[in-house]
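Colleague: I would like to go through this structure with you and ask, for each label, what earns it.

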Amino acid sequence: MSLVIRPGLEIPDGDLEIAFIRSAGPGGQNVNKVATAVQLRFGLDRNATLRGDVKARLRALAGQRVTDAGEILITARSHRSQEQNRREAEDRLRELVLRALVAPKKRHATKPTRASKERRLETKSRSQKTKKLRGKIRHYD
């Protein structure tokens, strides 16, 4: 079974590795015995379903979660069961890939309008007058 990102786009199981590790922090005897935290590794470099530009955006979005081996490492440990943590890790990877699929819009440079130029100049002159009034008062005899 593969991880479905959206209809028509799936990540094959061969690109995903799931390992269960012990959770840190308080939790009594259970935390010392049961490995409920999940480490999900997504092999970004060996994936063939995503385009190159999507992979580049995904690498940038993942940030420090990308390992030297070119894998995205997601750790989920907020729940007490392996199944819930696995589902959370998959959801976080799915959200990351969905964000990477959206190409940023190209910015088109525009010129300021005449009215905005006039407003800027009016604000500048008003500021100049205000600052001029703060100066020393001179009395002429």
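Colleague: Which residue in β2 is the bridge partner of Leu-3, and how do you know that β1 and β2 are paired?

Modeller: The bridge partner of Leu-3 in β2 is Ile-11. Strands (DSSP runs of E with at least two residues, numbered from the N terminus) count as paired if DSSP finds at least two bridges between them. Strand β1 (residues 3-6) and strand β2 (residues 9-11) are joined by three bridges and run antiparallel, so they satisfy the rule of at least two bridges. The hairpin they form has two residues between the strands, and Gly-8 takes a positive phi near 95° there.

Colleague: What should I keep in mind about where these values come from?

Modeller: This is a predicted model, in which local features need pLDDT of at least 70 and side-chain atom pairs count only at pLDDT 80 or more, while totals for chains, interfaces and linings use all residues. Residues are numbered from 1 along each chain as its sequence is written, and side-chain values use heavy atoms, with hydrogens and water left out.

Colleague: What makes β3 and β5 the edges of their sheet?

Modeller: The open sheet has three strands in the order β3-β4-β5, with antiparallel pairing. β3 and β5 each have a single partner strand, so one side of each is left without a neighbour in the sheet. Between β4 and β5 there are six bridges, and in β5 the bridge partner of Arg-41 is Leu-73.

Colleague: How do you know that the length of α3 is close to what is expected?

Modeller: A helix (a DSSP run of H or I with at least four residues) has an expected span of 1.5 Å times one less than its number of residues. Helix α3 (residues 82-101) has 20 residues and reaches 29 Å from its first C-alpha to its last, which is close to the expected 28 Å.

Colleague: Which residues have the most contacts inside the largest nonpolar core, and what makes it a nonpolar core?

Modeller: The term means a set of buried Ala, Val, Leu, Ile, Met, Phe, Trp, Tyr and Cys residues joined through side-chain atoms within 4.5 Å. The largest such core has 23 residues, and those with the most contacts inside it are Phe-42, Leu-58, Ile-72, Leu-93 and Val-97. Helix α3 gives the most to this core, with six residues. Counting contact as heavy atoms within 4.5 Å, and leaving out residues up to four places away in sequence, Leu-93 touches Leu-3, Leu-16, Leu-40, Phe-42 and Ile-74.

Colleague: Why is the pair of Arg-59 and Asp-45 called a salt bridge?

Modeller: A salt bridge is a side-chain nitrogen of Lys or Arg within 4 Å of a carboxyl oxygen of Asp or Glu. The closest N and O atoms of Arg-59 and Asp-45 are 2.7 Å apart, so the pair meets this rule. Arg-59 lies in helix α2 and Asp-45 in the loop between β4 and α2, 14 residues apart.

Colleague: Is Arg-57 buried or exposed, and how do its salt-bridge partner Asp-53 and the nearby Arg-51 compare with the cut-offs?

Modeller: Buried means under 20% relative accessible area, exposed over 50%, and partly exposed in between (1.4 Å probe, protein chains only). Arg-57 has 19%, so it is buried, whereas Asp-53 at 36% is partly exposed and Arg-51 at 52% is exposed. The side chain of Asp-53 forms salt bridges with Arg-51 at 3.2 Å, N to O, and with Arg-57 at 3.7 Å.
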